[in-house]
Amino acid sequence: MSNAALTADRRREAGVWPLIHAERAALAADLADLTDKQWATPSLCTGLTVREVLAHLTAGASLNTMRWLAGVIRCRFDFDKQVAMRLAQQLGTTPGETLERFHRTVPSTTKPPLPAIAMLGEAIVHAEDIRRPLGIRRDYPIDAVAKTAGYYQGSDLVVVAKGRISGLRLVADDSPFTSGSGPLVSGRTVALIMAMTGRATYLDDLEGDGVELLRSRCGTA
């Protein structure tokens, strides 16, 4: 890769971090007054409460490449085991402690060996995993969701998304995002993101001849 290309990549990465920090701050604010019962609400991530998903977000924002690799080796390359281990480390003893730990990661630029745009995707997708069951709606900045949708439509790195929407045309009605060709799936950008990352409940927010095909490809998150 040329020096010019490397410089452009660094600039793109740098431009994503303010979006990540804004999404973390917004989520922390939304969760500030939850009751213990609300903290125990099942999230859209199978088997995890909203509190546990928040701890997972904290873990992701606290792991650099070396710590991530050390955990992978410790867990004998069982990635699900490492996720569970890191989540438990960040859960704390009370919901208040869980939230405080997440608060401390809001300005963090620490990340595992992933591009910054993947961290933005995590921030938005897991925030929706928490918000949707709690009945909380966020009007996401168009730039943030359009960038995230653009990342997922071309990647299966963190979660199968590119493969899930193969042969479909996705069109957002609130941002410039479009992708692919084939039967149409249209709606809010955040609903498209959540559907392409496997959250079937968001398909009820979408329209078009391709919705049922996409539904058939959605499983558990």
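Q: Why is L63 called buried in this predicted model?
A: L63 has a relative accessible area of 6%. Buried means under 20%, so L63 counts as buried. The place of this residue is the loop between α3 and α4 (65–74). Its C-alpha atom is separated by 9.0 Å from that of R86, and the two residues are 23 apart along the chain.

Q: What makes R132 partly exposed?
A: The relative accessible area of R132 is 29%. Partly exposed is the range between under 20% and over 50%, so R132 falls into that class. R132 lies in helix α7.

Q: How do you know that R132 lies over the face of Y202?
A: The distance from R132 to the ring centre of Y202 is 4.2 Å. A charge over a ring needs CZ of Arg within 6 Å of the ring centre and within 35 degrees of the ring normal, and R132 is listed as lying over the face of Y202. Leaving aside neighbours within four places in sequence, R132 is also in contact with L44, T201 and D205. From R132 to V50 the C-alpha distance is 10.0 Å, with their positions 82 residues apart in sequence.

Q: What makes α7 mostly covered?
A: Of the 19 residues in α7, 17 are buried. Buried means under 20% relative accessible area.

Q: How do you know that the length of α7 is close to the expected one?
A: From its first C-alpha to its last, α7 reaches 27 Å. With 19 residues at 1.5 Å a residue, the expected value is 27 Å. Just after this helix, G135 takes a positive phi of about 75°.

Q: Which residues have the most contacts inside the largest nonpolar core?
A: They are L31 and M196, in a core of 52 residues. Several elements each supply at least two residues, among them α1 (3–30), α8 (142–152), β1 (169–172) and α9 (189–196). The largest share comes from α7, with 10 residues.

Q: Which residues does M196 touch, not counting those up to four places away in sequence?
A: Its partners include A149, Y152, V160, I165, L170 and F177.

Q: Why is the pair of Y151 and Y152 called tilted?
A: A search of the whole structure finds 1 aromatic pair. The ring centres of Y151 and Y152 are 5.1 Å apart, and pairing asks for centres within 6.5 Å. Their planes stand at 50°, which is neither under 30 degrees nor over 60, so the pair is tilted.

Q: Why do Y151 and Y152 count as buried?
A: Y151 has 12% relative accessibility, and Y152 has 3%. The cut-off for buried is under 20%, so Y151 counts as buried, and so does Y152.

Q: What makes β2 (178–179) and β3 (184–187) edge strands?
A: Each of them pairs on one side only. The open sheet has 3 strands in the order β2-β1-β3, with mixed pairing.

Q: How do you know that β1 and β3 pair?
A: Two strands pair if there are at least two bridges between them. β1 and β3 have 4 bridges, in the parallel sense. Here L170 stands opposite V185 in β3.

Q: What does the secondary structure of the chain come to?
A: There are 10 helices and 3 strands. From the N terminus on, the elements run α-α-α-α-α-α-α-α-β-β-β-α-α. Buried residues make up 45% of the 221 residues.

Key. Residues numbered from 1 in each chain as written. Predicted model: local features only at pLDDT ≥ 70, side-chain atom pairs only at ≥ 80, totals over all residues. Heavy atoms only, no water. Core = buried A, V, L, I, M, F, W, Y, C linked by side-chain atoms within 4.5 Å. Buried < 20%, exposed > 50% of the residue type's maximum accessible area, 1.4 Å probe, protein only. Contact = heavy atoms within 4.5 Å. Expected span 1.5 Å × (residues − 1). Phe/Tyr/Trp six-rings, centres within 6.5 Å; stacked < 30°, edge-to-face > 60°.
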